[in-house]
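Dear colleague,

Please find the structure below, handed over for your own work. A summary of what was found in it follows.

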Amino acid sequence: MGTTIALEVESLTKTFRDGGRKSVRAVDNATFHVEEGEVVGLLGPNGAGKTTTIKCALGLMRPDSGRIRVFGEDAQAGYPGILRKMSAVLEGSRNLYWRLTVWENILFFSALHGVASSEDKAYFNHLLNLFSLEDKRDVEVRKLSQGMKQKTSVVCALARRTPLVFLDEPTLGLDVETSLELRALLKQLAIEEDRAFVVSSHDMDVIQDVCGRVIIMSQGRVVVDDRVNSLMNLFRTKAYRIVLRGSAPAGLEERLRQEFADASVGGVDSGTEVRVTLSEDDDIYRLMDILRGLDGVIDEISHEEIDMEKVYLEIVRKERERS
């Protein structure tokens with residue numbers, strides 16, 4: 001059997017104009033896809049085009065050119081019926097009616113899309129149990145904690161049982177415990193219900209923990225589309241930690257930063273610690289030449305532990321240098 005494509009974005013372009021004089025290309029020929037049952041992270045600095053891309057997919061904005069398909073159906077031609085296949089949490093708990101209870105919000109937003117059968121309501125109760133919201137069922141949203149409001153927003157999106165779900169900053173403002181709980185639930189739902197999730201977040205722990213693949217946008221373009229593990233392994237081999245004997249040689253940090261933008265120098269019990277990412281194959285020789293030229297004596301050299309935040313920052317930094 002072939003793989004089912006939940007979301008296909010092809011050559012998407014969207015430009016905003018300021019009174020007809022200035023124009024900003026928010027999305028620039030972006031192309032990517034998301035498969036059924038896949039959790040994909042959509043990353044990028046502010047202004048990279050992430051939210052615009054999501055809003056175009058949801059029909060909230062009309063792109064200048066390009067095509068978006070949802071489970072093979074053209075999103076523009078099929079609007080608004082195509083929304084039966086998509087749901088979203090945008091801007092966190094502001095999606096909710098705060099003077100309605102948790103249960104009333106779920107019923108309201110589900111009924112708007114024709115999801116209100118007894119079977120559906122049984123599923124709503126399942127979600128309340130899954131998200132530990134049973135005892136808040138009849139509480140007005142305005143009286144809930146930020147974490148409970150955020151979870152209610154996610155439940156309202158999931159209650160529609162759409163096969164594609166967009167989550168824009170789903171853990172924003174959550175404490176560590178609630179964030180971990182929500183991340184575990186998203187992974188569970190993707191597996192058990194075979195839904196596709198597109199998660200946009202600045203929290204790299206969320207992306208590293210929940211997503212199997214990441215799409216990184218910069219200045220409206222897709223600059224990376226790869227498996228999380230592949231990116232981690234690639235950058236793990238380029239990040240080094242070196243311990244030098246004794247105090248740092250004079251001018252070491254300045255000299256290193258001339259060659260390697262992210263280099264850092266600090267003190268440790270056994271001497272001086274150098275951390276650096278080497279982008280090119282011959283960078284290791286340049287690094288050794290610098291240390292030798294400053295009479296640095298190496299006691300230890302190892303690959304540095306890497307995380308998604310470091311990978312992301314390095315990719316974005318390189319893109320800005322190319323621009």
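**Findings**

Leu 112 lies in the loop that runs between α2 (102–111) and α3 (118–130). The model is a predicted one. With a relative accessibility of 55%, Leu 112 counts as exposed, because the cut-off for that class is over 50%. Together with Tyr 97 and Phe 108, Leu 112 forms a nonpolar surface patch, and the accessible area of the three amounts to about 310 Å².

As to the chain as a whole, there are 10 helices and 14 strands. The C-alpha atoms fill a box of roughly 75 × 50 × 50 Å along the principal axes. Of the 323 residues, 46% are buried. The exposed area is about 16000 Å², of which carbon and sulfur atoms supply 46%. When contacts between residues at least 6 apart in sequence are considered, 70% join residues at least 24 apart.

One open sheet consists of four strands in the order β2-β1-β4-β5, with antiparallel pairing. Its edges are β2 (22–35) and β5 (73–74), each of which pairs on one side only. Helix α1 (residues 50–57) packs on this sheet and touches β1 (5–18), β2 and β4; the direction of the helix makes about 115° with that of β1. Two bridges hold the antiparallel pairing of β4 (residues 65–70) with β5, and Val 70 has Glu 73 of β5 as its bridge partner.

Tyr 79 belongs to the loop between β5 and β6 (86–89). Its relative accessibility of 39% places Tyr 79 in the partly exposed class. Apart from neighbours within four places in sequence, Tyr 79 is in contact with Leu 58 and Gly 59. Leu 128, by contrast, is 49 residues from Tyr 79 in sequence and 30 Å from it in space, C-alpha to C-alpha.

Strand β3 (residues 39–43) is mostly covered, with five of its five residues buried. In a regular strand, side chains alternate between the two faces of the sheet. In β3 both faces are covered: Val 39, Gly 41 and Leu 43 are buried on one side, and Val 40 and Leu 42 on the other. β3 runs parallel to β8 (residues 196–200), to which four bridges join it; the partner of Gly 41 there is Val 199. A parallel pairing over four bridges also links β3 with β9 (residues 213–218), where Leu 42 stands opposite Ile 215.

The structure holds 26 salt bridges. Three of them are described here, followed by a network.

- Asp 28 and Arg 25 form a salt bridge with the closest N and O atoms 3.6 Å apart. Asp 28 is partly exposed at 23% relative accessible area, and Arg 25 is partly exposed at 47%.
- Arg 195 and Glu 193 form a salt bridge at 2.9 Å between the closest N and O atoms. Arg 195 is buried at 3% relative accessibility, whereas Glu 193 is partly exposed at 27%.
- Arg 286 and Asp 283 meet through their side chains in a salt bridge of 2.4 Å, N to O. These residues are separated by about one helical turn because they are three residues apart in helix α9 (residues 283–293). Arg 286 is partly exposed at 29% relative accessibility, while Asp 283 is buried at 3%.

Finally, Glu 38, Arg 213, Asp 225 and Arg 227 are joined into one network by salt bridges that share partners.

Yours sincerely

Terms used
Residues are numbered from 1 along each chain as its sequence is written. This is a predicted model: local features need pLDDT of at least 70, side-chain atom pairs count only at pLDDT 80 or more; totals for chains, interfaces and linings use all residues. Side-chain values use heavy atoms; hydrogens and water are left out. Patches are made of residues with over 30% relative accessible area and no salt bridge: like charges are joined within 9 Å, nonpolar side chains (Val, Leu, Ile, Met, Phe, Trp, Tyr) within 5 Å. Accessible areas come from the Shrake-Rupley method with a 1.4 Å probe; for residues, only the protein chains shown count as cover. A salt bridge is a side-chain nitrogen of Lys or Arg within 4 Å of a carboxyl oxygen of Asp or Glu. Buried means under 20% relative accessible area, exposed over 50%, partly exposed in between (1.4 Å probe, protein chains only). Two strands pair if DSSP finds at least two bridges between them. Contact means heavy atoms within 4.5 Å. Axes are lines fitted to C-alpha atoms, for helices over the stretch in contact, and angles run from 0 to 180 degrees between N-to-C directions.
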